[in-house]
Amino acid sequence: MADNRRDLTESLPVNSDRVVLVPKAFESSDPIAWCPGCGNFGIREAVKLALSELGLKPEQTCFVSGIGQAAKAPHYINCNLFNGLHGRTLPVATGVKLANPRLAVFAEGGDGDGYAEGGNHFLHALRRNIDMTYLVHDNQIYGLTKGQTSPTSEGGMKTRTTPCGAIEPAFRPLALAVMMDAGFVARGFCARPRQLADVVKLAVEHRGFSLVEILQNCVSFNHVNTAKWYSHRVYDLTEERHDPADRDKAYHKALEWGDRIPLGVIYKSGRKSYDELVGDMTGPRVSDRVPGLLDVLLAGLR
Amino acid sequence: MSEVNLVIAGRAGQGLQVISRTLGRMLVRTGHHVFISQDVMSRIRGGHSFARVRASTKPVAADGDKTQVLVALDPSLVARHVPDLAEDAVVVTEATDDLPEGLNAVRLPLADLAREHGEDPVMANAAAVGAVLALVGLEPDGLDEMFGSQFAHKGSDVVKRNVAAAEAGFRAISEDRVRCCPHQLLRTEDGRQKTGDAGRKPDRVLISGAEALALGAIAAGVRVVTGYPMSPATPIVEYCFRHARQAGLIVEQTEDEVSAANLAIGAAFAGARAMVCTAGGGFCLMNEALSLDGMTEVPLVWCVGMRPGPATGMATRTAQADVLFSIYAGHGEFPRAVLTPADASQSFRAARDAFRIAERYQTPAIILFDQFMADALWTVDRDELTMDGRRERREPEELKPYSYRRYEATASGVSPLLFPGTPEQLVYADSDEHTEEGHITESRAMRILMVNKRDSKLAGIRQDLEAAKVEDMAEGEAEVLAFCFGSARGVVAEAVTRLRGEGRKVAMVHLKHVWPFPADAVSGLVGDGRKVVTVEQNYSGQLAQLLLQECGLRAAGTVRRYDGRPFTVAEVEAGLRELMGATSG
């Protein structure tokens with residue numbers, strides 16, 4: 001399997017010498033609107049750690065988010081950000097990356113944003129394999145809108161909109177990603193920021209679509225999948241010497257849930273990224289366009 | 001004026017587009033002004049489609065009244081066109097036995113010609129081209145190059161066979177030319193080939209409205225184009241796909257319309273000139289994204305095609321019924337421009353205007369067009385087509401590191417604009433109500449500031465766009481003004497010209513943009529005594545509603561058509577005549 005790691009700083013003109021900034025460089029002054037004890041805090045620490053250890057400057061990053069508590073995260077990190085519509089994160093992130101491939105592009109949001117409203121975009125982003133990192137804060141519930149069921153709520157779970165228990169089984173995004181031969185598929189946990197930071201770094205360095213599902217607790221609305229609930233079940237794949245290149249094994253690991261929930265890199269594809277296949281997307285700048293371009297284009301119309 | 005009107009009728013799949021385009025180009029090359037409209041069904045094979053080709057020594061922008069030459073690739077379609085035939089029309093078709101009585105019919109064995117010379121039944125369309133050239137008095141010159149440029153991608157063998165079939169079609173008619181066709185309208189009495197413009201051959205192109213929009217966007221510096229296939233917008237995106245490498249474009253067919261709009265917004269946010277293309281129901285799906293565009297103040301051009309609705313409606317037909325929708329689309333209140341170009345030439349310029357407005361005022365700029373305009377082929381002078389991709393954005397002055405505020409409130413409402421990736425600066429954009437920095441806010445004061453800021457851009461846009469012009473009016477002589485927008489211009493202009501020829505005191509006002517509504521200019525034109533009527537292709541008289549709402553002007557009536565087909569000059573003339581009679585103008 002081809003090694004898809006690459007040095008981001010190669011293509012980033014701003015920071016040609018790798019500068020390792022402290023996580024504080026990614027500190028934002030925007031007051032945080034999360035509940036005390038929210039799993040988002042741990043995720044935020046991990047992301048800041050990863051960015052600083054990758055040697056990125058804030059202006060080299062662009063975070064795109066949707067709507068939800070998770071989608072507020074980019075405001076609480078020092079970075080370029082586009083906080084768009086619920087569910088529409090991936091198309092915007094795709095547009096940003098296509099227009100300026102030199103930016104390290106992140107898409108960030110929750111399970112509702114990503115898998116319900118954004119479901120169709122999720123499916124096609126897996127197909128397209130644009131170079132970006134998608135951080136999904138999965139707390140298996142809707143937080144901002146106060147406790148409705150989510151696509152990843154377990155079957156039988158009682159929520160505000162499933163008072164008799166959810167009828168449908170939970171959506172399995174990682175299994176779908178493996179099935180679609182997605183570039184990079186991994187899972188982390190908000191209460192293990194060091195491991196999560198390592199996974200995020202690998203995701204960023206992978207040239208292609210990197211999906212990082214991040215398990216998190218919701219202190220206000222999910223009283224089933226608490227931090228303790230996850231802690232008792234998660235385990236590190238590296239302890240099992242799991243080979244992320246093995247797609248069949250990866251598919252089964254992606255489906256593994258309940259008593260044992262794997263963390264770490266589940267799958268890494270050998271696929272080329274969309275931008276590699278399309279060729280140099282930056283192309284000729286408008287000002288460089290061939291002077292006789294109009295006549296070339298009019299050739300078949302005269 | 002010397003002109004000929006042809007109709008080429010056939011079933012979907014018989015190559016009508018090839019015939020009309022090739023014929024059109026030949027006629028333009030011989031110095032004529034050509035206008036071609038397409039009537040197409042929503043299917044791939046079968047049914048009934050036709051193209052109307054009008055060639056003249058003077059500029060034309062509407063279909064002619066009567067058909068002088070009908071070429072029916074399928075004889076069973078002849079009957080449908082009989083009502084439109086001129087008295088001395090010639091009907092050319094495969095078999096003439098079962099045709100309606102009294103027609104001047106010429107048998108053209110298209111299938112035989114295709115098989116024998118083109119070695120493929122589909123070459124019947126090339127044979128038809130040759131035949132028509134003979135009928136109207138043109139020589140089959142330059143067919144190699146013509147078919148070569150059109151079918152280069154199919155290989156030289158296909159090109160050769162097309163030429164052979166066309167030449168055979170030409171010979172089949174020309175031997176009998178004088179007897180079978182009195183409409184050698186493009187020849188002078190002594191047999192020489194007529195040309196428009198007194199023999200001079202100006203550099204003109206034959207281009208569809210959709211192509212003109214795409215070309216205009218490329219000339220204006222577009223970089224990213226997105227869309228999801230939907231008539232009549234699809235040809236715009238496909239044109240961009242075909243020329244992506246040549247023009248340095250990134251073109252994306254997305255999984256759905258919502259993605260197309262949001263992707264374009266992301267690209268524009270990151271600094272690329274971007275355009276999203278859609279129609280009717282697709283624009284409905286994009287409404288939230290339009291609202292996002294207004295809120296985040298990202299410069300973006302929206303190409304929106306109109307066709308009969310609601311819902312799926314009539315996918316391949318025309319209407320002008322989404323004007324009010326375009327002005328009010330997207331929840332919440334935010335400024336936008338809505339341009340309504342009449343033809344290919346205006347579309348090319350509208351693309352440039354749209355990018356200028358979008359970038360200068362950081363606002364959505366919508367180019368609203370219709371199927372008729374997009375699919376018709378128009379003659380445009382090459383001189384009118386120029387490149388101009390200069391950037392319009394307001395850049396910030398001296399900035400300390402990491403101090404940029406994306407939504408800085410200014411008197412004009414336009415904030416200095418930076419893109420992510422700028423060294424030592426960060427850019428925040430937010431669909432929530434936001435502070436000047438771009439962070440989420442619920443503050444009452446900030447909300448009021450931002451609403452006012454966004455709205456104050458409208459004044460700038462209004463001033464920027466050209467005022468409405470009254471066309472062809474001598475000062476003080478018009479008592480009735482016929483208002484129209486978009487593609488209705490050609491038909492209304494010709495109808496008004498005929499009425500003025502009889503001494504009727506009427507003039508046309510064509511609006512190239514409907515938002516911000518040019519209220520001052522319109523009120524000034526109408527003045528104190530003039531009556532106002534509108535001519536539009538919708539049921540409820542949307543332009544009339546706008547005139548009342550924005551200027552307090554009550555239209556004396558509306559000439560309307562809403563059956564999915566374009567206006568004819570004759571019906572607009574009749575409609576205006578009736579309304580003028582009612583207003584005793």
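User: How are helices and strands defined here, and where is Y228(B) found?

Analyst: Helices and strands are DSSP runs numbered from the N terminus, with H or I over at least four residues for a helix and E over at least two for a strand. Y228(B) sits in the loop between β8 (224-227) and α9 (234-242) of chain B. Before we go on: this is a predicted model, where local features need pLDDT of at least 70 and side-chain atom pairs count only at pLDDT 80 or more, while totals for chains, interfaces and linings use all residues. Residues are numbered from 1 along each chain as its sequence is written, chains are lettered from A and ligands numbered from 1 in the order in which they are written, and side-chain values use heavy atoms, with hydrogens and water left out.

User: Which residues does Y228(B) touch, not counting those up to four places away in sequence?

Analyst: Contact means heavy atoms within 4.5 Å. With that rule, Y228(B) touches T254(B), E255(B), D256(B), E257(B), A260(B) and C277(B), leaving out residues up to four places away in sequence.

User: Is Y228(B) buried, exposed or partly exposed?

Analyst: Buried means under 20% relative accessible area, exposed means over 50%, and partly exposed is in between (1.4 Å probe, protein chains only). Y228(B) has 33% relative accessibility, so it counts as partly exposed.

User: What about a whole helix: how many residues of α8 in chain B are buried?

Analyst: Helix α8 (residues 209-219) of chain B is mostly covered, with eleven of its eleven residues buried. Among them are E211(B), L213(B) and I218(B). Just after α8(B), G221(B) takes a positive phi of about 95°.

User: How do I read a salt bridge, and how many are there over all chains?

Analyst: Look for a side-chain nitrogen of Lys or Arg within 4 Å of a carboxyl oxygen of Asp or Glu. A search of the whole structure finds 53 salt bridges over all chains. One of them joins the side chains of R498(B) and D65(B), at 2.9 Å from N to O. That pair links distant parts of the chain, 433 residues apart: R498(B) is in helix α18 (residues 488-501) of chain B, and D65(B) is in the loop between β3 (46-56) and β4 (67-72). R498(B) is partly exposed because its relative accessibility is 28%, and D65(B) is partly exposed too, at 37%.

User: Which residues are linked with R498(B) and D65(B) in a network of salt bridges?

Analyst: The network also includes E3(B), R54(B), E494(B), E502(B), E573(B) and R577(B).

User: Where do D353(B) and R356(B) lie?

Analyst: Both lie in helix α15 (residues 344-361) of chain B, three residues apart, about one turn of the helix. D353(B) forms a salt bridge with R356(B), their closest N and O atoms being 2.9 Å apart. D353(B) is partly exposed at 24% relative accessibility, whereas R356(B) is buried at 17%.

User: What is a disulfide, and how many does the count give?

Analyst: A disulfide is a covalent bond between the sulfur atoms of two cysteines. The rule here is a pair of cysteine sulfur atoms within 2.5 Å, and the count comes to zero over all chains.

User: Why is there no bond between C240(B) and C277(B)?

Analyst: The closest cysteine sulfur to that of C240(B) belongs to C277(B), but it is 6.4 Å away, so it is too far for a bond. C240(B) is buried, with a relative accessible area of 0%. In chain A, the sulfur of C218(A) is 6.6 Å from its closest cysteine sulfur, in C35(A), again too far for a bond.
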